[in-house]
Amino acid sequence: MTAIHKNHSNEDKIIRKIFIAFVTSLSFSAVQAQTTQEQPGADLIILNAKIFTGNRAQPEASALAIKEGRIYSVGSDVDILDLKNFKTQVIDARSRRLIPGIIDAHTHVLNDMAYNYNVRWDGVPTLRRALTMLSEQAARTPEGQWVKVIGGWSPSQFEENRFPTLAELHEAVPDRPMIVQYAYNRAFLNKQAMEALGVGTDRFPKLPDTEFEKDSRGNPTGVVHGYTWLFLALETMVPQPTLDEQVSSIVYSIHGLNRVGVTSIIDNGGRWPYPEAQARVDVLARDNRLNVRMPFVDLQLGDGGPANMVDLELKAITKTAPISPGQNLHPTLAHGHEYRGAGEVLSGEVHDHENFDRPAVIIAPEKMRRFVEQDVMKLIQRRIPFRMHASYDENISPFLDALEKVNETTPLDGLKWSLEHAETISPENIDRVKKLGGGIALDAKMALHADGFIKTYSREKALETPRLRTLVDSGIPLAMTTDAFRAATFNPWVGISWMVTGKSVSGSEVLAENNRLSRAEALKLFTSGAAWFMNAEAELGVIAPGNLADFAVLDRDYFAVPEDQISSISSVLTIMDGKVVFGAQDYSALSPKLPEILPAWSPVKYFGSYHGEK
Ligand SMILES: [Zn+2]
């Protein structure tokens with residue numbers, strides 16, 4: 001029996017070998033047939049560009065060739081033109097600067113599904129203009145809707161260098177409810193909004209550290225100060241966008257990003273949890289209309305009561321809608337909509353809100369230790385990457401104390417994790433993060449809010465916040481991000497300008513001279529540095545053969561313009577995955593046509609997403 005059995009299995013082996021040979025020869029001839037039919041050569045060639053590749057082996061070039069969404073050759077015009085066939089699309093960059101596509105490794109597109117409802121003051125140079133925008137918008141806002149500005153601006157950006165007064169706001173928006181939110185720090189409400197939100201009644205969310213400014217008679221004026229949770233709660237009490245308006249909001253917020261050269265973002269969680277938020281993106285992914293790579297991390301706030309956010313996350317990804325780290329929900333786009341783990345808030349109890357108008361929020365070290373030992377531990381055991389919001393060094397120290405301890409028994413062993421923001425991290429703690437294999441995703445909030453920070457702390461402290469030079473020199477995986485759309489503007493060039501010039505949007509010096517970066521270093525933090533957080537450092541962030549074809553042709557040469565022009569740079573041609581996602585000036589005809597914006601009264605339709613767009 002044994003012998004016969006053996007024979008059988010030998011026969012099986014032989015049959016399998018023949019079968020494999022047969023299949024291989026079949027696929028071989030199929031490939032041959034295909035290559036004889038298809039012309040060799042590029043799908044798209046860009047010529048006559050000043051290319052900053054970010055690739056140290058070939059730092060500069062003038063042309064590149066793309067096939068099937070990847071760059072496959074970078075070189076001189078003559079060399080690359082040799083790769084043209086009769087079908088190749090050729091674009092002349094007309095000596096413009098070309099850079100790798102910008103990666104914003106920490107932003108919140110999916111938290112702003114009401115994006116199309118909001119007036120964006122991003123980049124608006126005067127308060128006068130900002131107020132005019134409100135009154136224009138009030139006139140076209142239908143009954144039942146609000147006039148809203150939800151973050152992305154700072155009073156320091158205005159020539160007037162101040163906040164609007166309530167009188168000015170009332171005059172601009174007399175007969176619609178109005179909220180003007182400054183970062184996650186404060187909001188200005190008119191009478192109709194105060195009534196709708198139930199200011200002074202039980203309906204107004206009861207959250208710690210909420211403060212109303214009062215008039216001489218003790219009545220709330222309409223200015224309210226608070227932290228992140230308050231402003232997230234208020235967002236649930238205003239008119240909500242329909243499903244179609246939510247999808248349209250995603251389309252138009254991405255359009256605004258493409259306009260400034262962004263080709264990848266990591267969505268860092270928000271009000272809508274997985275898988276609800278991702279279903280909106282799926283509508284675009286299905287028709288291949290998602291114009292940005294959008295990996296995401298997820299946070300689960302629960303239903304408002306006390307909740308263990310890590311347990312809720314584990315439930316969402318194992319029971320509600322099973323998904324693994326690295327799994328891509330986009331059917332065709334690499335890193336299109338990939339789950340990148342838990343974050344940026346892993347527990348409401350240890351959240352240090354970064355409101356620079358107030359002193360630092362310090363978490364009890366014991367609480368932090370318990371959180372790491374119990375909750376972060378679960379993520380490490382299950383090999384789920386995580387990103388941890390931690391603004392202040394005082395909170396980073398106990399977090400690292402506990403993480404080092406956990407690492408002794410439950411090793412991180414190359415698991416990707418990072419600190420988010422880390423504004424005031426010390427050199428010692430940078431080293432400790434590095435030893436544990438972590439990364440740091442900084443943000444450019446100081447470009448907008450440093451003037452407020454100086455009032456709360458001091459200029460000396462601002463000048464070394466964050467320690468950009470030490471961070472870059474440490475060699476730690478490092479990204480600069482925007483943390484848009486509320487805490488700061490989504491425009492990466494505002495942050496790049498701050499890193500290079502050391503100046504905030506008010507023009508005042510807020511970074512010490514020895515704490516600034518070269519233009520190449522600053523750009524790197526928004527390209528190859530950021531690719532680490534997408535787990536895509538081998539194929540994104542640098543222009544080199546084999547890499548994904550994401551890049552931007554700029555309206556001005558970033559490396560040559562005077563410093564004061566850096567913040568107003570935008571893209572004239574943005575290419576993601578080898579296809580044009582944005583075109584302006586001589587490339588506007590190449591720009592994909594977007595569906596009509598919803599709703600029809602959307603401020604984005606009239607003002608665009610950034611000052612100067614329309
Ligand atoms: Zn954060």
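**Talking through a predicted model**

Modeller: A word of caution to start: over residues 14-36 the pLDDT stays under 50, and the model has 0 contacts beyond four places in sequence for that stretch. Residues 1-8 also have pLDDT under 50, again with 0 such contacts.

Colleague: Thanks, good to know! This is a predicted model, then what is the mean pLDDT of the protein?

Modeller: Those two stretches, residues 1-8 and residues 14-36, stay under 50. Across the protein, 94% of the residues reach 70 or more, and the mean pLDDT is 94.

Colleague: How many Å separate the centres of domain 1 and domain 2?

Modeller: The domain assignment gives domain 1 (44-95), domain 2 (114-240) and domain 3 (243-590). Taken over C-alpha atoms, the centres of domain 1 and domain 2 are separated by 48 Å.

Colleague: In the open sheet of 4 strands, which residue in S4 stands opposite Leu-44?

Modeller: Happy to walk you through that one. The sheet has mixed pairing and runs in the order S5-S4-S1-S6, with strand S5 (70-75) and strand S6 (89-92) at its edges, each pairing on one side only. From one strand to the next, the twist averages 15 degrees. Strands S1 (residues 44-47) and S4 (residues 63-67) pair in the antiparallel sense over 3 bridges, and the residue opposite Leu-44 is Ile-66.

Colleague: There is also an open sheet of 5 strands; which strands stand at its edges?

Modeller: This sheet also has mixed pairing, in the order S9-S10-S11-S13-S12. Each edge strand has a single partner strand, so one side of it is left without a neighbour in the sheet; these are strand S9 (147-150) and strand S12 (211-214).

Colleague: And which residue in S13 stands opposite Lys-214?

Modeller: S12 pairs with strand S13 (residues 220-225) in the antiparallel sense, over 3 bridges. Within that pair, Lys-214 faces Pro-220.

Colleague: Why is strand S18 largely enclosed by the rest of the structure, and what is the bridge partner of His-389 there?

Modeller: Strand S18 (residues 417-421) has 5 of its 5 residues buried, so it is largely enclosed by the rest of the structure. Strand S17 (residues 386-390) runs parallel to S18 and is joined to it by 5 bridges. In S18, His-389 has as its bridge partner Glu-420.

Colleague: Last one: where does UniProt place the feature "domain: Amidohydrolase"?

Modeller: The label comes from an unreviewed UniProt entry. In the model, the stretch it covers is 33% helix and 17% strand, with its end C-alpha atoms 16 Å apart. The record places this feature at residues 89-582.

Conventions
Residues are numbered from 1 along each chain as its sequence is written. This is a predicted model: local features need pLDDT of at least 70, side-chain atom pairs count only at pLDDT 80 or more; totals for chains, interfaces and linings use all residues. Two strands pair if DSSP finds at least two bridges between them. Helices (H or I, at least four residues) and strands (E, at least two) are DSSP runs, numbered from the N terminus. Axes are lines fitted to C-alpha atoms, for helices over the stretch in contact, and angles run from 0 to 180 degrees between N-to-C directions. UniProt positions are given in the numbering used here, feature names are shortened, and annotations may be inferred rather than shown by experiment. Domain bounds come from an automatic or database domain assignment. pLDDT is the predictor's confidence in each residue, from 0 to 100. Two residues are in contact if their C-beta atoms, placed from the backbone, lie within 7 Å. A residue is buried if 20 or more other C-beta atoms lie within 10 Å of its own, exposed if 12 or fewer, and partly exposed in between; C-beta atoms are placed from the backbone.
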